[in-house]
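User: Could you walk me through this structure? I'd like to start with the annotated positions and work outwards.

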Amino acid sequence: MEENIEKRSYTELINGDIPPWVMRFIKGAGKAINRYNMIKEGDEVLLAVSGGKDSLALALALSLRLKWLPVSYKLKALMINWIEHPIDDEHKEALKEYFKALNIEFEIVDENQFPTSFKGDFNCYLCSRNRRRILFEYAAKNDVKLIAMGHHLDDLVETTMMNLCFRANFATMLPVQEFFDGKLHIIRPLIEIHESVTRRLFEQYDLPVIKPVCPYDQTNIRAKLKPIIKELSHIDKLTREHIYNAHNFNLHL
Ligand SMILES: Nc1ncnc2c1ncn2[C@@H]1O[C@H](COP(=O)(O)OP(=O)(O)OP(=O)(O)O)[C@@H](O)[C@H]1O
């Protein structure tokens, strides 16, 4: 586990001691939720948890804002534990404690990251398809129609660049993605949040973050794009926002 010495306890946030920058983060998520009408009164939201800083930050935002919102929604968190490299008991306990403190029901399911259907192939695309299939099956079984994922603005920018530069495609990650004729939606409440904010949250509070276990994590194209996007943002610090705004999401709603 990350060294938590000198970090503040996340329970401070849960108990209401929320510094302005964390409040801006929570309100930023709320702004996207409202802008895209992601969650309505009484909805049940399945939160997809990787154990990384972003999905844990998303859990925090979705749970804390319920304290002052005039509307209510139900949260349930699901983590897929990959059988090929399972998380250890200590981390499992820390995650369970975190979700309990946030008042979110939390479940861990064991699944194969390399199912036989891959026929020996493996890449990020196949892996995320597999993850999505597992999440969809779980949602269908539990009659959940909303799945929240921890993707943020930097993820959107990297996806856009990947599609444009390597796949000759003007395509992006959507804040709200519809499946099965509207029977299921993936929502991304952190879509307007910079990764630097979730990183800061993780650096300052003892969120029970699990270190990335994916062998491809630092070598994939996404990781190679990060310094390039950072460089672009030195030319114009609103680079990420420009790429986001280029999609004119509002026009399609
Ligand atoms: N093992 C998993 N179980 C459930 N959901 C997952 C899992 N891995 C990823 N997700 C979902 O997919 C999103 C994007 O995954 P990705 O692998 O890019 O994130 P990460 O860097 O591992 O973690 P995070 O985004 O939480 O920091 C996560 O934010 C989370 O919502």
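User: At which residues does UniProt place the feature "binding site"?

Analyst: Happy to help! This is a predicted model, where local features need pLDDT of at least 70, side-chain atom pairs count only at pLDDT 80 or more, and totals for chains, interfaces and linings use all residues. Residues are numbered from 1 along each chain as its sequence is written. The UniProt entry is unreviewed, its positions are given in the numbering used here, feature names are shortened, and annotations may be inferred rather than shown by experiment. It places the "binding site" at Ala48, Val49, Ser50, Asp54, Val71, Gly150 and Asp155.

User: How far apart in space are they, up to what value between C-alpha atoms?

Analyst: In sequence they are spread over 108 residues. They are spread in space too, with C-alpha atoms up to 28.8 Å apart.

User: Is valine 49 buried or exposed?

Analyst: Valine 49 lies in strand S1 (residues 44-49); strands (E, at least two residues) and helices (H or I, at least four) are DSSP runs, numbered from the N terminus. A residue is buried if 20 or more other C-beta atoms, placed from the backbone, lie within 10 Å of its own, exposed if 12 or fewer, and partly exposed in between. Because valine 49 has 26 other C-beta atoms within 10 Å, it is buried.

User: Which residues is glycine 150 in contact with, leaving aside its neighbours within four places in sequence?

Analyst: Glycine 150 is in the loop between strand S4 (146-148) and helix H6 (153-167), and it counts as buried, with 23 C-beta neighbours inside 10 Å. Contact means that the C-beta atoms of two residues, placed from the backbone, lie within 7 Å. By that rule, the partners of glycine 150 are Ser50, Gly52, Asp54, Ser55, Leu58 and Leu190.

User: Which elements give two or more residues to the shell around the ligand?

Analyst: A residue is near the ligand if its C-beta atom, placed from the backbone, lies within 6 Å of it. The ligand is surrounded by 15 residues, the closest being Ser50, Gly52, Asp54, Ser55 and Gly150. The elements giving two or more are S1, helix H3 (53-64) and strand S2 (74-82).

User: What is the mean pLDDT of the chain?

Analyst: pLDDT is the predictor's confidence in each residue, from 0 to 100. In this chain, 94% of residues reach 70 or more, and the mean is 92.
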